[in-house]
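User: I would like to learn how to read the strand pairing, burial and charge contacts of a protein model. Could you take me through them in order?

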Amino acid sequence: MTAASADVVRLLLAEDQAMVRGALATLLNLEDDLEVVAEVGRGDEVLAAAKAADVRVALLDIEMPGMSGLDAADALHRAMPDVRIIILTTFGRPGFLRRAMESGASAFLVKDAPVAELVAAIRKVLRGERVIDPDLAAAALAAGENPLTPRERDVLAASADGSTIADVARRLHLSEGTVRNYLSACIQKTAARNRTEAIRAAQQRGWL
């Protein structure tokens, strides 16, 4: 490795939409000090790719098959705490921001931001700074913590596709009575009238 190449920041890009991923990689590779050295389209491929490519910064989408970007960020932060993590999302939801910060992310950006803003964020997180939209940060503080427990989130998320209680119970290895209890708690905590409203409320707040 030459001195010049040693100064180049090695990036991992995780985005399930290949066209978006390719375009973003092309734009980032135009920067002299940045290079996308790993690209994946699934959240459960992030950690292995980061290790194999020895990256310094990981840019993660939230909505990905296999594992969400938030869960991938948590796994990556635990295994490689020196890697800086930037969450890129279409949805600037307060709950997502809070979970991203708890997962070890250093920056949280929405995808409609200019690429120049993303480049600046990469350089800032490498200096140890955090990059968060101030309006979104204020909204996250106002919204408070996610009231759902991890198991309540699992059950609510598993029922989001219209699965029956029996289907959810079988998939999560729970009794049907336990699933009903978890769903009842979710409905109460989201101030909803039924399961459908609870799912919608939790998704809008970024709690799922």
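**Reading the sheet and its charged residues**

Analyst: Let us start from one pair of residues: Ile 87 stands opposite Phe 108 in S5. The model is a predicted one. The strands S4 and S5, to which this pairing belongs, run parallel and are joined by four bridges.

User: Which residue of S3 has Ile 87 in S4 as its bridge partner?

Analyst: That residue is Leu 60, whose bridge partner in S4 is Ile 87. Between S3 and S4 (residues 84-89) there are five bridges, and the two strands run parallel.

User: How many bridges join S1 to S3?

Analyst: Four bridges join S1 (residues 9-14) to S3, again in a parallel arrangement. As an example, Leu 13 has Leu 59 of S3 as its bridge partner. S1 also pairs with S2, in the parallel sense and over six bridges. There, Val 9 has Leu 34 of S2 as its bridge partner.

User: In what order do the strands lie in the sheet?

Analyst: The order is S2-S1-S3-S4-S5-S6, six strands forming an open sheet with parallel pairing. S2 and S6 (131-132) stand at the edges with a single partner strand each, so one side of each has no neighbour in the sheet.

User: How should burial be read along a strand, and how many residues of S3 are buried?

Analyst: A residue counts as buried when its relative accessible area is under 20%. In S3 (residues 57-61), five of the five residues are buried, so the strand is largely enclosed by the rest of the structure. The directions of the residues can be read as well: Val 57, Leu 59 and Asp 61 point one way from S3, while Ala 58 and Leu 60 point the other way, and all are buried. S1 is mostly covered, with five of its six residues buried.

User: Let us turn to charge. Where does Asp 32 lie, and is Asp 32 buried or exposed?

Analyst: Asp 32 lies in the loop between H2 and S2. Its relative accessibility is 76%, so Asp 32 counts as exposed. Asp 32 can also be placed relative to the sheet: Asp 32 and Val 9 are 23 residues apart in sequence and 9.4 Å apart in space, C-alpha to C-alpha.

User: Why can charged side chains pair?

Analyst: Side chains of opposite charge can pair when their charged atoms come close. In the whole structure, a search finds 14 salt bridges. One of them is formed by the side chains of Glu 39 and Arg 21, at 3.4 Å from N to O. Glu 39 lies in S2 (residues 34-40) and Arg 21 in H2 (residues 18-28), so this pair ties together parts that are 18 residues apart in sequence. Glu 39 is partly exposed, with a relative accessible area of 42%, whereas Arg 21 counts as buried at 16% relative accessibility.

User: Which residue forms a salt bridge with Arg 123?

Analyst: Asp 33 does, with the closest N and O atoms 2.8 Å apart. Arg 123 lies in H6 and Asp 33 in the loop between H2 and S2, so the pair ties together parts that are 90 residues apart in sequence. Arg 123 is partly exposed at a relative accessible area of 29%, and Asp 33 also counts as partly exposed, at 25% relative accessibility.

User: What separates Asp 161 and Arg 171 in space and in sequence?

Analyst: In their salt bridge, the closest N and O atoms of Asp 161 and Arg 171 are 3.9 Å apart. Asp 161 lies in the loop between H8 (150-158) and H9 (165-172), and Arg 171 in H9, so the pair ties together parts that are ten residues apart in sequence. Asp 161 counts as exposed at 58% relative accessibility, and Arg 171 as partly exposed at 41%. Elsewhere, salt bridges that share partners join Glu 15, Asp 61 and Lys 111 into one network.

User: Which residues form the negative surface patch?

Analyst: Asp 112, Glu 117, Asp 133 and Asp 135 form it. Asp 112 lies in the loop between S5 (107-110) and H6 (115-126), and Asp 112 is exposed, with a relative accessible area of 70%.

Key: Residues numbered from 1 in each chain as written. Predicted model: local features only at pLDDT ≥ 70, side-chain atom pairs only at ≥ 80, totals over all residues. Heavy atoms only, no water. Patch = residues over 30% accessible without salt bridge, like charges linked within 9 Å, V, L, I, M, F, W, Y side chains within 5 Å. Areas by Shrake-Rupley, 256 points an atom, 1.4 Å probe, with all protein chains shown as cover. Salt bridge = Lys/Arg side-chain N within 4 Å of Asp/Glu carboxyl O. Lys, Arg positive; Asp, Glu negative; His and termini not counted. Charge placed at Lys NZ, Arg CZ, Asp CG, Glu CD. Buried < 20%, exposed > 50% of the residue type's maximum accessible area, 1.4 Å probe, protein only. Pairing = 2+ DSSP bridges.
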